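Hi,

Here is the structure I promised to pass on. Have a look first, and my notes follow underneath.

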Amino acid sequence: MSTSDVEFLKAQLATARSEMKNLRQQITNLQHMHTKELRNALKMLEDFRCPGCQQDKRNEDDTSVTKEDIVSPEESCSFKPIGVIRTVFNEKRAVPRQANLASALLSRIDISSTVFNNPSHSLEGLESFSHIWIIYHFHRNPNHLKAKVAPPRLGGERVGVFSTRSPHRPCPIGLSLVQLDRVEDSKVYFFGTDMVDGTPVLDIKPYIPQYDVPVNMSEIEFYNSREAPDGEETSLLDNNPSGSSTQPMSSVSVPNWVLNSSVLDVVFNTNAESQLQALGIEKTSIIDVLKADPRSVYLRSKYGSQFYTFRLGEHTVTCKFNDQNSSVTVLQIRDVVNFQESADECTAAKE
């Protein structure tokens, strides 16, 4: 056997060991998620009460409760989705925490034909807007009734759920501002994705800066000819002298922990670069996912620098984080089919 053959076999062995290590890490993560889901299910069963018991318990805890305070099941809110969101994220793992963190990812909304006889009619005029609000249901989240949650930027410290944008809420409703790309029949294409594939859509609303931005609109210079709603363009779109600055109507502030966002340096090794070209994948889509660090606080604190694998559409991306220099290196990008075959081979080898 020649020296080149020996080196080739060593390289193959090193790759196999690396893949086995990645699989072990994924199994550990899945075990943690399973334990967490089981704990939540047991908590729900433990806290379950029938409607009558719930009312009796509420009357015991608060003697000042009146009839007006009690909402019967018939009076509770229920909504029927108007459509579904299609994205490249088949699972919750690595989904960006905010839509603008993945501004290069194109997704779409499919309006259901069961809501309107002609769903395309409901979208007429939407193409005149540059951005839209999407209101949707966090359908993959278990029921959470925790008053405090731990945002990733706080490193494990807890704050009130209503002071965060955590998806784990008493009413699991999501709100995202995205950039509209185009409208085709009953489909709405947009840039900016922080939803998992199959997410039910509750509503779509156009983004109107005159109403949605807390600033004095007379001080804003517009660089396009988009028409303001209800014929208000003459009163709201005043011409400004060049160089004028935007003056807020009132002071707008956010906590420091919201502003303290670190951006990781995303690097692709030679192997990943060649696979990008072979698969025809836009590098920007992977960078957008990784630069904001999609890992949970638990993974970062428990495992530190580690291998991380996530699915992006029909491809699987494997990378390694380096928490010392705030970087992440993309090691391998493969089709989901090829990734599954490698996993099966490793499993068969262990058996």
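**Salt bridges and surface patches**

Asp110 counts as buried, because its relative accessibility is 14% and the cut-off for buried is under 20%. Keep in mind that this is a predicted model.

Asp110 is also where the charges get interesting. Its side chain meets that of Arg108 in a salt bridge, at 2.7 Å from N to O. Lys187 forms a salt bridge with Asp110 too, with the closest N and O atoms 3.3 Å apart. That second pair links distant parts of the chain: Lys187 sits in strand β7 (residues 187–191) and Asp110 in strand β2, 77 residues apart. So Arg108, Asp110 and Lys187 are linked in a network of salt bridges. Both basic partners are partly exposed, Arg108 at 27% relative accessible area and Lys187 at 29%.

The count comes to twelve salt bridges. Another one of them joins Arg311 and Glu314 at 3.8 Å, N to O; here Arg311 is partly exposed at 24%, while Glu314 is exposed at 52%.

On the surface, Lys36, Arg39, Lys92, Arg140, Lys146 and Arg158 form a positive patch. Lys92, one of these, lies in the loop between β1 (83–86) and β2 (106–111) and is partly exposed at 36%. There is also a nonpolar patch of about 390 Å², made by Met1, Phe8 and Leu9, with Phe8 placed in helix α1 (residues 3–47).

For the overall picture: nine helices and twelve strands, 351 residues with 30% of them buried, and about 22200 Å² exposed, 52% of it from carbon and sulfur atoms.

Cheers

Technical notes
Residues numbered from 1 in each chain as written. Predicted model: local features only at pLDDT ≥ 70, side-chain atom pairs only at ≥ 80, totals over all residues. Heavy atoms only, no water. Patch = residues over 30% accessible without salt bridge, like charges linked within 9 Å, V, L, I, M, F, W, Y side chains within 5 Å. Areas by Shrake-Rupley, 256 points an atom, 1.4 Å probe, with all protein chains shown as cover. Salt bridge = Lys/Arg side-chain N within 4 Å of Asp/Glu carboxyl O. Lys, Arg positive; Asp, Glu negative; His and termini not counted. Charge placed at Lys NZ, Arg CZ, Asp CG, Glu CD. Helix = DSSP H or I, 4+ residues; strand = E, 2+ residues; numbered from the N terminus. Buried < 20%, exposed > 50% of the residue type's maximum accessible area, 1.4 Å probe, protein only.
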